Amino acid sequence: MRNDHFYERYHRQLILEGFGMAAQEKLAGAKVLIAGAGGLGCPALLYLAGAGVGKIGIVDEGMVELSNLHRQVLYSVHDIGKSKVDCARQVLNRLNPEVEICPLQVRLNNSNCLDVIRDYDIVIDGLDNFQTKYLLNDACALLLKPLIYGAITRFEGQVSIFNVPSPQGSVNYRDLYPRQPGSGETMSCNEAGVLGILPGIIGSFQAGECIKLITGIGEPLVNKLLTYNALTSEIYTIGLSPSGTGSTLIPRNEAQFSARDDQLSCTPGAAVIEIDSAQFCALIKDGEAVVVDVRGPGERPVLKGIGHLQIPLPQLSERHSEIKQDTVVFVCQSGQRSLTAASRFSRLHPGSKDIYSLKGGVNGLKSL
C-alpha cells in the first residue's frame, strides 16, 4: 500500500486519463541507465527522477567544469572540479529520495560496457563522442536493450529509439550511420558550439520517450528519427527501416564485442607530435614555423596576432602544396582536427618536414 506522500508527489500524473496507478507502478519498477551526465543527461535525469523511475544508473567519468554550466543544469559553480555522477546523485536524492540513484564514475569501454548496462531495462544515450556512442549502440543491440538516442550540435538535435522489435524489424544506430567518422571528420560541441537550451529540449524528449516505453502510453519514436531546429522551431519526423548493413556490423557475441578495439578506427594513421601552448609560442617566436589553421570559415576565436594559413581540413589534400616551410604547426578549436591534419600531411610529405599539432587547440592557448 502506497503512503500519502506517494499520491501527493505523483498526483498530477496519476489523474491523467490512460495513465493512473498502473503506469506509475511501472515507473517505480523500472531500471534506466543514463550514459553521460552532460547536457542531454542532466534534464533526462531530473525528469525521470521526478517522474518516479525506481532505479536510475548514471555513468560518466567527467568532472564539472565552468564551461559545462550554460547547459548542464544539474550543476553549479560550487561543483566545479567535483565528480559529475556524485553531484548528480546529491541533487536527485534531494529531488526524490524514493528513487534509487546508482552513480558509476567510469568511461565505457569494450571490457565494461556489457556489464554496466546488463541490469537495466532501458538505456539513454547522453554521450558526446562517436566512439562511445557506437560502443553503446552495439552493446545494447547485442543485449537487446532499447536505446534512446540523442544528439545535438549548434542549433539542431535528434532523437530516436533503437533496438525495439517492430513489424518493420529492429533498427539500430548503424542503420542510420553505419560507421563512425574518423578523427577530425566532424566537430564536437566543444568545437562547433551548442545553444544552451538545445540539450535541455532534446534531453527532455529522451525522458519523455523513456516514460512512454516504460508505461506503454502514446507512440514512442521506435524506428523514427525526430529532428528539432531551435532557430526555426521546426520539428519533423522521418521513418527508419533496417538497412541490411546495420545488423551485420554488430558483434555476433559478447566475446567478439570484448575483443574488438573500436578506438583503432578513430585514431590518426601516422604518428604525430603534439605540443603545448608554451612550445607553440617558442616555435612561432623564431619565425621559422608556419601555423596552419584547419578550422572552417567563421569559427571563433580568430587567431589574432599570429601569422597563419587558413586551410580547412577537407581542403588539405588538395592545397597541401601551399605549405612551403619545413616546420608546420596545425591548429584547430580543440586539438582533434589538427591531429588528423598533421597525420594526413605527414603521409603526403613523409620524413621531409617537422610536423606538429597544438594540443588543446585554440581553446587551450594562453595569452601570447
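Which strands does helix H12 (residues 277-285) lie across? In this predicted model, helix H12 crosses E9, E10, strand E12 (327-331) and strand E13 (354-358). The direction of helix H12 is at about 95° to that of E9.

These strands belong to an open sheet of five strands, in which the pairing is parallel and the order is E9-E13-E12-E10-E11. Strand E9 (273-275) and strand E11 (308-310) form the edges, each pairing on one side only. From one strand to the next, the twist averages 30°. In general, the strands of a sheet pair through backbone hydrogen bonds, and the pairing can be parallel or antiparallel. Strand E10 (residues 289-293) runs parallel to E11 and is joined to E11 by three bridges. Asp-293 has Gln-310 in E11 as its bridge partner. A further helix, H14 (residues 336-348), also packs on the sheet, where it touches E9, E12 and E13. The direction of helix H14 makes about 170° with that of E13.

The loop between E10 and E11 contains Pro-301. A cis peptide bond, with omega about 0°, joins Arg-300 to Pro-301. Glu-299 lies in this loop as well, whereas Arg-337 lies in helix H14. Arg-337 and Glu-299 form a salt bridge, with the closest N and O atoms 2.9 Å apart. The pair therefore ties together parts that are 38 residues apart in sequence. Arg-337 counts as buried because its relative accessibility is 5%, under the 20% limit. Glu-299 is also buried, with a relative accessible area of 14%.

The whole structure holds 14 salt bridges. One of them links Arg-89 to Asp-86, with the closest N and O atoms 3.5 Å apart. Both residues lie in helix H5 (residues 84-95), three residues apart, which is about one turn of the helix. Arg-89 is partly exposed at 32% relative accessibility, and Asp-86 is partly exposed at 29%. Another salt bridge joins Asp-115 and Arg-118, whose closest N and O atoms are 3.1 Å apart. Here Asp-115 is exposed, with a relative accessibility of 55%, while Arg-118 is partly exposed at 36%. In addition, Lys-31, Lys-55 and Asp-119 are joined into one network by salt bridges that share partners.

A nonpolar patch on the surface consists of Phe-155, Leu-195, Ile-197 and Leu-231. Together these residues have about 380 Å² of accessible area. Within the patch, Leu-195 is partly exposed, with a relative accessible area of 34%. Leu-195 is placed in the loop between helix H9 (189-192) and helix H10 (197-215).

Two further residues were examined for their backbone angles. Most residues other than glycine have a negative phi, and most peptide bonds are trans. Asn-163 is not a glycine, yet its phi is positive, at about 65°. Asn-163 lies in the loop between strand E6 (156-162) and helix H8 (173-176), and it is buried, with a relative accessible area of 7%. Ser-233 likewise has a positive phi, near 60°. The loop that holds Ser-233 runs between strand E7 (224-229) and strand E8 (234-239). Ser-233 counts as exposed because its relative accessibility of 54% is over 50%.

Note on methods:
Residues are numbered from 1 along each chain as its sequence is written. This is a predicted model: local features need pLDDT of at least 70, side-chain atom pairs count only at pLDDT 80 or more; totals for chains, interfaces and linings use all residues. Side-chain values use heavy atoms; hydrogens and water are left out. Two strands pair if DSSP finds at least two bridges between them. Helices (H or I, at least four residues) and strands (E, at least two) are DSSP runs, numbered from the N terminus. Axes are lines fitted to C-alpha atoms, for helices over the stretch in contact, and angles run from 0 to 180 degrees between N-to-C directions. Contact means heavy atoms within 4.5 Å. Patches are made of residues with over 30% relative accessible area and no salt bridge: like charges are joined within 9 Å, nonpolar side chains (Val, Leu, Ile, Met, Phe, Trp, Tyr) within 5 Å. Accessible areas come from the Shrake-Rupley method with a 1.4 Å probe; for residues, only the protein chains shown count as cover. A salt bridge is a side-chain nitrogen of Lys or Arg within 4 Å of a carboxyl oxygen of Asp or Glu. Buried means under 20% relative accessible area, exposed over 50%, partly exposed in between (1.4 Å probe, protein chains only).
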